[in-house]
Amino acid sequence: MSTQQGQWLAAKHPLQRLPSPSRGVSALVHTLGIISAAYSFHFLIYQENTINEAWGWHMQFLTVCGLLLASVTYVLALAADTTLSRHLFYAKNIVSLASAPLAFCISVLYWGIRAVDPSLLMHPDLPPLGLLEDLSLHAAPALLLGIDVLALSPPWALKPLPALGLSSAVAVAYWFWVEQCFLHNGYYPYPLFAVLDTRDRVLLFAAAAVVMAASMMALTYAYALVNGKEEESLRADERPGHVKKTS
C-alpha cells in the first residue's frame with residue numbers, strides 16, 4: 001500500500017463502509033456507472049427518432065437530465081479513485097447530494113407510472129425501450145448511486161427542510177426548462193404533461209419534489225441503519241464529504 005493510500009484510509013470518515021476514493025471496489029463501482037451511462041447515451045444518440053432533432057434534444061426528459069447528473073458524479077468519483085484526490089472526492093459528494101436522490105425519484109416515478117399506464121410516459125415518436133435500455137436508464141443510476149452513497153461516501157448532514165428546498169429548486173428548474181422546450185417544439189416530452197392542465201402539472205411537480213426530498217431522507221436513514229450514526233459532538237467544520245488533510 002502506498003503512503004498516499006495509507007493516508008486516505010486514516011482520513012476516511014469512521015462511518016464510511018468501504019475505502020473511497022480507492023482503486024479497488026470504489027473504482028469498479030464507478031466504472032460500471034460510466035459504462036452504463038455511456039450505453040444509455042449511445043442508445044439515445046444512434047437510435048433514429050424525431051427527438052434527436054427537437055429543441056432540447058433528449059434533455060427534455062427528466063430521466064436524461066438525471067442521467068447526465070449521474071454521469072458527472074461517476075466521472076468525478078472515478079477521477080478521485082484514480083488520483084486519490086481529496087478535492088475531487090469532496091466535489092463528487094457534493095454533486096451526489098442532488099444526483100442520488102434525483103435518480104431514486106426518477107425510478108420511483110417511472111416504474112410507478114409505468115405500472116399504471118406506460119403510454120403516459122412514452123412519447124409516440126420514440127421506439128419502445130428494450131429491457132437493457134430500460135434498466136440502464138431507469139434503474140441502474142439509482143442502484144449504483146445508492147451503493148456509492150451507502151458504502152463509498154461519508155454521511156450526509158441533511159435535515160428535512162433543506163432537503164425539500166433542494167428538491168423544490170430542482171423541480172422548478174425542470175418545470176421552467178420543459179416549458180421552454182414546449183414553446184419551441186409544440187409538445188411535451190411526456191404525454192402525461194399534455195393530459196394535465198396547468199394546476200395539475202403544478203401538483204405533479206410538487207409531488208415530484210416531495211418524492212425527491214423523501215428519497216434524500218430515506219438515503220440518510222438507510223445510511224444510519226447500515227453504518228451507524230455520527231456522534232452528536234461532530235465538529236461544525238466536518239461537512240458532508242469533507243476529509244481532513246493529514247500531515
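This report describes helices, buried residues, cysteines and confidence in one predicted protein model.

Residues are numbered from 1 along each chain as its sequence is written, and side-chain values use heavy atoms, with hydrogens and water left out. In this predicted model, local features need pLDDT of at least 70 and side-chain atom pairs count only at pLDDT 80 or more, while totals for chains, interfaces and linings use all residues.

**Confidence.** The pLDDT is the predictor's confidence in each residue, from 0 to 100. Its mean for the protein is 89, and 89% of the residues reach 70 or more. Two stretches stay under 50, residues 6–10 and residues 243–247. Where pLDDT is low, the predicted coordinates should not be read in detail.

**Helix 2.** Helices are DSSP runs of H or I with at least four residues, and strands are runs of E with at least two, numbered from the N terminus. The expected span of a helix is 1.5 Å times one less than its number of residues. For the 22 residues of helix 2 (residues 25–46) this gives 32 Å, which agrees with the 32 Å between its end C-alpha atoms. Buried residues (under 20% relative accessible area; exposed is over 50%, partly exposed in between, with a 1.4 Å probe and protein chains only) of helix 2 include Ser 26, His 30, Gly 33, Ala 37 and Phe 41. The buried residues of this helix pack against helix 3 (62–83), helix 5 (131–138) and helix 6 (140–151).

**Annotated spans.** An unreviewed UniProt entry lists "transmembrane region" at residues 25–45, 57–77, 89–113, 160–178 and 202–226; such annotations may be inferred rather than shown by experiment. Two of these spans are tabulated below.

| Span | Helix | Strand | End C-alpha distance |
|---|---|---|---|
| Residues 160–178 | 100% | 0% | 27 Å |
| Residues 202–226 | 100% | 0% | 36 Å |

**Ser 99.** Ser 99 is found in helix 4 (residues 86–116) and is buried, with a relative accessible area of 1%. Its side chain makes a polar contact of 2.8 Å with that of Thr 73; a polar contact is a pair of N or O atoms within 3.5 Å, and within protein one must be able to donate a hydrogen and the other to accept it, residues adjacent in sequence counting only if both atoms are side-chain atoms. Contacts (heavy atoms within 4.5 Å) beyond four places in sequence join Ser 99 to Leu 69, Ala 70, Thr 73 and Leu 145.

**Cysteines.** With a disulfide taken as a pair of cysteine sulfur atoms within 2.5 Å, the count is zero. The sulfur of Cys 181 is too far for a bond, because the closest cysteine sulfur, in Cys 65, is 8.2 Å away. Cys 181 is buried, with a relative accessible area of 0%, and Cys 105 is buried at 2%.
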